[in-house]
Amino acid sequence: MTDPTPHPSAPVVVPRWEWRTFGDDLDDVDALGPLRTAAPVDSDETYVLSMYGDASVKVRDGVLDVKVLQRMSGSGLQLWVPTMKAPFPLDAAAVAGAFTALGAPPPDTRLSEVTREQLLRDLVAPRDDLLVVDTGKRRRRSVLDDCMVELTEMSAAGRTVLTVAVESPDAGLVVRTIGRLGLEGRPNTCVARGLKSLLDWGPRRFAVIDVGTNSVKIALGHRDDGGTPRVEAESSVVTRLGEGLAAAGALTPASMGRTVDAIEDLVREARRVGPVDIVAVGTAGLRQASNRDELLAAVHSRCGVTVEVISGREEARLAYSAAVSALPVSGDRLLVFDSGGGSSQFTFGSVDRIDEQFSVDVGAVRFAERFGLADAVPRATVDAALRAIATELEELSGRPRPDMVIAMGGTSTNLAAVKHGLDHYDPDVVHGTVLDVPEVERQIELFRTRSTEERRGIPGLQPARAEVILAGACVVRTILALTDQDVLTVSDRALRHGVVAERFGAPRRGRP
């Protein structure tokens with residue numbers, strides 16, 4: 001997928017990194033106080049929204065203004081570039097360029113010139129995959145440390161929402177300004193996506209892609225008539241994105257190639273039957289990699305999907321939400337952990353609250369490489385790995401004993417599948433499986449005494465995890481020891497399910 005060819009009317013501008021967030025709660029942000037006293041500027045604009053993407057296509061003051069997302073940075077900023085600023089009537093190239101930017105099939109028209117009314121009333125309005133939205137904006141703008149900050153009250157179809165934008169050619173300055181405003185951790189949401197959420201309009205089908213250190217996972221589903229998201233299918237592809245990351249601090253060309261190929265295949269399949277709203281998030285492997293922007297750019301270039309690299313805290317929060325909502329919970333003190341390929345997330349709390357959460361760079365890929373756990377090893381090597389893992393997880397020590405421990409992620413679900421000897425993965429069997437210490441120890445010995453190839457034949461073990469499963473089991477065993485637990489409960493619901501609930505759950509208004 002490539003960006004539209006700029007129309008000759010496209011202005012020459014200095015590209016600016018942009019960040020925007022929506023939400024009625026922005027009224028409560030004290031740091032925005034000075035903006036509220038700035039002189040307002042009112043404008044009326046008409047947007048064209050698309051089921052196929054989030055390009056900015058709008059009409060203002062008799063001009064068709066088109067911007068497309070060129071790339072996304074590893075810190076979550078977006079670089080938008082103008083491809084058109086054409087006065088009406090439009091020539092055929094301008095009309096084609098607008099529909100290309102929207103990702104929509106072009107209209108069947110032989111008009112050599114298209115007026116504003118013809119574009120919006122005749123070519124766009126009759127279609128189900130496009131939507132014409134008249135908006136009113138009241139903008140207040142200021143400059144904070146050479147960074148443009150704008151607070152806007154946006155109205156459409158009788159609904160209103162607040163949005164804050166931060167822009168600068170200097171990406172680092174934008175990140176620092178977001179922090180000064182106390183808005184870090186909120187998703188970067190462009191205007192088109194924000195309007196879709198405000199109006200509750202868009203594809204009923206959705207896909208959430210989790211780009212992990214060891215595998216890429218996808219959850220596909222739809223929103224029912226009541227707006228509740230229903231996951232219909234899930235799959236994963238082991239790409240070993242984090243291979244060599246611990247030693248080099250960067251992703252290898254081979255691991256990036258495998259991962260981009262996998263994402264492109266998953267996106268193509270998701271789009272095969274029609275429009276789909278896609279959210280992709282990246283976790284520890286991308287957080288840690290110095291060259292993560294290369295992968296983000298490659299994914300966007302190949303399939304037009306932006307991967308949001310979320311923080312460890314955000315990852316833990318979303319995973320916790322998914323886990324505690326899908327299992328019968330006993331006791332008031334809960335620990336939910338997700339041990340992945342590059343890191344482990346820990347969240348302490350109860351059913352209705354989170355008390356503490358943190359992320360530690362302890363993952364199966366890193367320790368498999370460090371101790372050579374991809375193949376058969378002596379027991380002494382396993383013991384050394386267990387000691388090293390315990391040292392790095394010392395933050396778990398000395399805490400009140402949890403009443404219940406819930407484990408999620410590929411390592412834990414594979415341990416559960418091996419316990420049941422599943423020939424084919426069954427999420428309903430895995431979900432809620434109880435693993436005790438003797439079972440985890442049994443599997444450590446099972447993996448320790450077998451080579452990678454021999455492990456691939458173990459019933460229940462995903463063959464592509466053969467290289468990292470021993471290291472992952474050691475992480476799980478260490479967590480049980482440090483928390484003084486005899487058992488844990490496995491959740492098949494994970495990060496992607498938390499993203500589904502938050503991004504596609506009803507209601508979708510307030511904070512897109």
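The following dialogue goes through some salt bridges and backbone features of this structure, which is a predicted model.

Student: Why is the contact between E18 and K67 called a salt bridge?

Tutor: The closest N and O atoms of E18 and K67 are 3.5 Å apart, and the cut-off for a Lys or Arg nitrogen and an Asp or Glu carboxyl oxygen is within 4 Å, so the pair qualifies. By this rule the count comes to 48 salt bridges.

Student: What makes the pair of E18 and K67 a tie between separate parts of the sequence?

Tutor: E18 belongs to strand β1 (residues 16-22), whereas K67 belongs to strand β4 (residues 63-72), so the salt bridge ties together parts that are 49 residues apart in sequence.

Student: How do you know whether E18 is buried or exposed?

Tutor: The relative accessibility of E18 is 16%, and buried means under 20%, so E18 counts as buried. Its partner K67 has 25%, and because partly exposed covers the range between under 20% and over 50%, K67 counts as partly exposed.

Student: Why is the contact between E439 and R442 called a salt bridge, and where do the two residues lie?

Tutor: The N to O distance between the side chains of E439 and R442 is 2.9 Å, which is within 4 Å, so the definition is met. Both residues lie in helix α15 (residues 437-448), 3 residues apart, about one turn of the helix. E439 is buried at 12% relative accessibility, while R442, with a relative accessible area of 40%, is partly exposed. Salt bridges that share partners also join R379, D383, E441, E445, R448 and R477 into one network.

Student: What is the corresponding arrangement for E264 and R268?

Tutor: E264 and R268 both lie in helix α7 (residues 253-271), 4 residues apart, about one turn of the helix, and their side chains meet in a salt bridge at 3.7 Å, N to O. E264 has a relative accessible area of 18%, and because the limit for buried is under 20%, E264 is buried.

Student: What makes the phi of D61 worth noting?

Tutor: Most residues other than glycine have a negative phi. Phi of D61, however, is near 55°, a positive value, and this residue is found in the loop between β3 (56-60) and β4. With a relative accessible area of 74%, set against the cut-off of over 50%, D61 is exposed.

Student: What kind of peptide bond joins F88 and P89?

Tutor: The bond is cis, with omega about 0°, and P89 has its place in the loop between β5 (78-87) and β6 (90-91).

Methods
Residues are numbered from 1 along each chain as its sequence is written. This is a predicted model: local features need pLDDT of at least 70, side-chain atom pairs count only at pLDDT 80 or more; totals for chains, interfaces and linings use all residues. Side-chain values use heavy atoms; hydrogens and water are left out. Buried means under 20% relative accessible area, exposed over 50%, partly exposed in between (1.4 Å probe, protein chains only).
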